[in-house]
Amino acid sequence: MLDWLPPNISTIGQEIDNFFYVIYYITNTVFFLVMATLIYFLIKYRYKEGREAKYYHGNNTLEVVWASVTLVALLILALASQPLWSKIKQDIPPSDIVVQITGKQFNWEVLYPGPDNIFGTGDDYQIDNNLHVPVNRVVRIVLKSKDVIHSFFVPSLRLKQDAIPGREILAWFEANKTGKYEIPCAELCGFGHSGMLGYLFVHSPEDYQKWQQETWPPDIEEVGL
Amino acid sequence: MTSATAVKEVHTTHERQGFLKTYIFSLDHKMIAKQFLLLGLFMIWIGGGLALLLRWQLAYPEQPLPLIGASEQYLETGEPQSSMDRFWDSELSKSDDEQGWLTKRMPVGIITPAFYNALFTMHATIMIFFVVMPILIGCFGNFLIPLMIGAGDMAFPSLNMLSFWIAVLAGIIMIAGFLVPGGHAASGWTAYAPLSSDPTWTGVDWGQNLWCISLVVLGISSLMGSINYITTIINMRAPGMTFMRLPLVIWSLFIVAILLLLALPVLTAAIAMLLFDRLAGTTFFNAAGGGDPLLWQHLFWFFGHPEVYILILPAMGVVSEILPVFSRKPIFGYKAMVLALSGIAFLGWIVWGHHMFQSGMNPALGATFMISTMLISVPSAIKTFNWLGTLWGGNITFPAPMLNALAFVSMFVIGGLSGIYMASTVVDIFIHDTYYIVAHIHYVVFGGSIFGLFAAAYYWFPKMFGRMMNQTLSKVHFWFTFIPFNCTFFPMHILGIGGHMRRIYNPMQYEFLQQFEGWNIFISISAFVLGFSQLIFLFNFFWSMFKGKKADDNPWKATTLEWTTATPPPHGNFDVLPTVYHGPCEYSVPGAKKDFTMQTENVDLQAMSGNGGNGA
Amino acid sequence: MTSRTADFDQIELAEDTREVRKRHGSGAPPGIIDDDFDPGNDANGETRPSIGNAFIATLLFLGADIMLFAGLIGAFVVFRYGAENWPPPGQPRLPVGVTAINTAILLLSGFLMAHTWRLLAGRNRHQIVKWLLAVLALGVAFLMVQGYEWLRLLDFGLKLSSGVFGATFYTLIGCHALHVIGAVIWLSAVSLRIRLSSHAFDERRIESVKLIGMYWFLVVALWPILYGLVYWS
Ligand code: HEA
Ligand code: HEA
Ligand code: CUA
Ligand SMILES: [Cu+2]
């Protein structure tokens, strides 16, 4: 089943996938043990004329054992995934590329601060649905929404974050492979939810520069406006 | 035990009550139970039908439905070929106002995106609130509580009747939503604001309002029901029926009633605010007006998580009842089971945030909710292992109730284990809002609650209707449900891992999902088989009601009180109030004459068996 | 044979139970697990309700009611402590002083209700009705003062639709007011029945006073919490 995961192009994606694998192996083991036991019991203890069923009400030691084993296993799982979680959602690393992405019915508005690297100045650059970033650089995203809740989902980056009207939510990623990837919206946002689709372009540094030069407005200060 | 004359006497008084009092406004808990059952069995066809429409769209996106859709030639050439083509032709030539109900939702037989949203919203709403709850809680709660604790009826029979009719009213309001202009609620069963709180975002006006009103009305019905259940269980137990001798299904219904009592008012409060936002110009959930969209999610899931346990606990109780009967063994770890139930009831209140890991709520809270969610899996683990322990060393037979109960155990384990993936905050980043969640949902609510519901229906049918259900048909139905069920919902895990979002109208719009077209078709075909095999159940159910083999008082040789009275039980249930001497599942007591010792048998188990079954 | 109808009386059941058990002639069942969980079971394993059905039902109802308020209070707290200024600029302040008096009125009614409870044992119908009417009058007074306040606030421009400040105020306080109205109606019905009926002041009447009393206590007890939260914080 693991082959179905979309190709991973982000630096933290592999760590998430690893957790996925760990849980996959744990739960599969549990599942096969439980099923094997169940089926074994069903066959071994199937009805036989004259068989006496055991008169047995349970065993407290056993209860304590399996409860504690499950508890410990799950707690370890929870605690182990905590550092990665705070790395992804809490300790947003510094970055020099900041993009503001605003969800609205049914588009992603992508806003770059422009050459001066400050939002809200005349040279901001906005495009719909296309997010261009350089490879191997930390990109910070400021997520906003104009109307209802949307969810910024990039399967290949293992990144998902809801955009909430009235809030600015930070997310970040670092892509390590160039290419074009899809950005679906993952939270129901109305009849156009399906098909609210953007694209992520991960460029080589040179290509990114080229794209910037071709599309961005000129730096206000340089031109001297 | 049963005195034939008494039964006759009761039956004659029964007939004198007249049709209305017997069948419609009956105060008898057994009749009210049957009414709830019919309500649920009626609604399941609507909820299931909506699911099949969903599945058509997902497998064959934007293609006309079979039978009612326009033909391919017509769509290409505009030349009507069949009578359906002519119908669509004339509909499309009408102005917007004149177009019929169907044309607004599926012109030429193609489901529109807006209607698709209404489909899954109403599918989930109907299945959860009008199928699983009325049947598992309304029907079996009503039927079993008085009979299994040895009471003549519920504590408040009139409240009971009122509870049913209010539920019907809620159902009518909910169904009426399909007919209003603008269509039915289309913001998911979770109704996330502000999508749900402002008609401008969806174009849905009274549909969503009626959705809200219906759930408030249903909340009143559930409130009455749960007050009745709890009071009855506390106060009306037969002599000797201590709490620790209650059958586990009664324990689970008791806990469920407490959860219902405390959870639904929170939903009511939230829905009241939502309605105010829609109708009175408040801005509780509207950020522009100072409100907070996340507040809705917190309130909804504070109710919503207890709600999912409300759906599964009665089924767990049913299974804990059935496994001992058909393995002829006492339940393994009765006390541990009761503790696990209570544990779920407590922990269920502190895990709601696991639905909101990616919602933008403070990430530090995510960690807390992850830990509490892991904790709440422990009671479920205890229950699973105890069910296995019950089978160990038994003498197992496989009639339909047992097959469904075993299906419950194995399917619940799959659904529960997939819950662990989502409980882990980091893994949930990827699988949140994908079909992995949809797979989880259906493994727990269909694999869990619905198999539990079938198990209960097969097991208690004889007591309810006085006849046996046809065993062959029951088994055919079981296999035609179990296999298509897995074919339908297991591949959804694969879709989820592939990143396939839920609630999308057309997966083929995404490049990375095109590889899943085949799977979607396979899932849909399995879903159709699954849906239509339920006709076997329907047929068996009604046929057996009139033509089935007459059942005797205790066809499964079980030990609990409902099997001590006549089949079907008379008005007032017992002609002599039973006295209870021991726990609910004393099977295969060494030294006993039969392999089951009724709860009413005045015998000393300890003396008989030497050690009383030890361990516990 | 005792074949009861469905809507039998609880008391009848309790008697019935003993009767049947007498007939069975069974003493303590052997092998009984003792169960300190269960107040209804005495040493003989006999179940007799120690609290009436109606009491339990009312208690449960109050529990559900508290959860309803918990939901609304939760919403209030989110907004109140999420806001920088409260009340938001441009919104009127709430009448803390008048409401303090109103709080006193409601609390007093609670004490009077408690007093009435103590009188119940005396079964003096006229005295009890008198006190109940006093409670009722205080309840009505509370509603009237609040109604007047609301009119003034509306005059000042505080509406249900004026932001979350107005919305939480009117929903939360309004929900409580609805409860007071409910309590007043219920209490009037109870008082009227006691007043008009020619029956003796029996157990059922006592119970009816106790039930409305419990509800009244909840309504009174909620108020200081709401007053503190909504008017003071
Ligand atoms: C009957 C209903 C039911 C039940 C019982 C459960 C049980 C569980 N659920 Fe589920 N859940 C739903 C119904 C249910 N759920 C629904 C309807 C949704 C979607 C709502 C929506 O968004 O529309 C949902 C969504 C949902 C989410 C949100 C996902 C998301 O949106 O991103 C999460 C996250 O933590 C979750 C977790 C769990 C867990 C951990 C359990 C646990 O209780 C499971 C415990 C059971 C087991 C673990 C199996 C048995 C145990 C063993 C065999 C022991 C050994 C095990 C180990 C050592 C691992 N569920
Ligand atoms: C008790 C709960 C329950 C049950 C029983 C079911 C049963 C089924 N569910 Fe559903 N489902 C949910 C609860 C449930 N579901 C929830 C909570 C959601 C989330 C909703 C949301 O996102 O808001 C969901 C969402 C959901 C989706 C995802 C939609 C999306 O995200 O876009 C899908 C898609 O395949 C689906 C399919 C099915 C199918 C095929 C069945 C089958 O098991 C149904 C089988 C059919 C029957 C039992 C009835 C048989 C009827 C007929 C034979 C009728 C024939 C008549 C006609 C064709 C008119 N369900
Ligand atoms: Cu935007 Cu879904
Ligand atoms: Cu949950």
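## The interface between the chains

Chain B brings 102 residues to the contact and chain A brings 79 residues, in what is a predicted model. The area buried between chain B and chain A comes to about 8,100 Å², and carbon and sulfur atoms give 70% of that area.

Across this interface of chain B and chain A there are 27 residue pairs in polar contact, both residues at pLDDT 80 or more, together with two salt bridges. One of the salt bridges joins the side chains of B:Arg503 and A:Glu187, with 3.8 Å from N to O. On the side of chain B that touches chain A, helix 14 of chain B (residues 363–391) supplies the largest share, 17 residues, and the residues of that side divide into 60 nonpolar, 34 polar and eight charged.

## The surroundings of ligand 2

B:Arg503 appears again at ligand 2, where B:Arg55, B:Tyr116, B:His123, B:His442 and B:Arg503 come nearest of the 33 residues around the ligand. This shell consists of 24 nonpolar, six polar and three charged residues, and helices 3, 7, 17 and 20 of chain B each supply at least two of its residues.

Polar side-chain atoms also approach ligand 2: one of B:His442 lies 2.7 Å from a nitrogen atom of the ligand, one of B:Arg502 lies 2.9 Å from an oxygen atom, and one of B:Tyr435 lies 3.5 Å from an oxygen atom.

## The iron atom of ligand 1

The iron atom of ligand 1 has a single protein donor, NE2 of B:His440, at 2.1 Å, and B:His440 itself belongs to helix 17 of chain B. The copper ion, ligand 4, is 4.6 Å from this iron atom.

Technical notes:
Residues numbered from 1 in each chain as written. Chains lettered and ligands numbered in written order. Heavy atoms only, no water. Near = heavy atom within 4 Å. Polar contact = N/O pair within 3.5 Å; in protein donor to acceptor, adjacent residues only side chain to side chain. Helix = DSSP H or I, 4+ residues; strand = E, 2+ residues; numbered from the N terminus. Nonpolar A, V, L, I, M, F, W, Y, C, P; charged D, E, K, R; others polar. Donors = N, O, S within 2.8 Å, 3.2 Å for Na, K, Ca; no water. Contact = heavy atoms within 4.5 Å. Buried area = accessible area lost by both parts, 1.4 Å probe. Salt bridge = Lys/Arg side-chain N within 4 Å of Asp/Glu carboxyl O.
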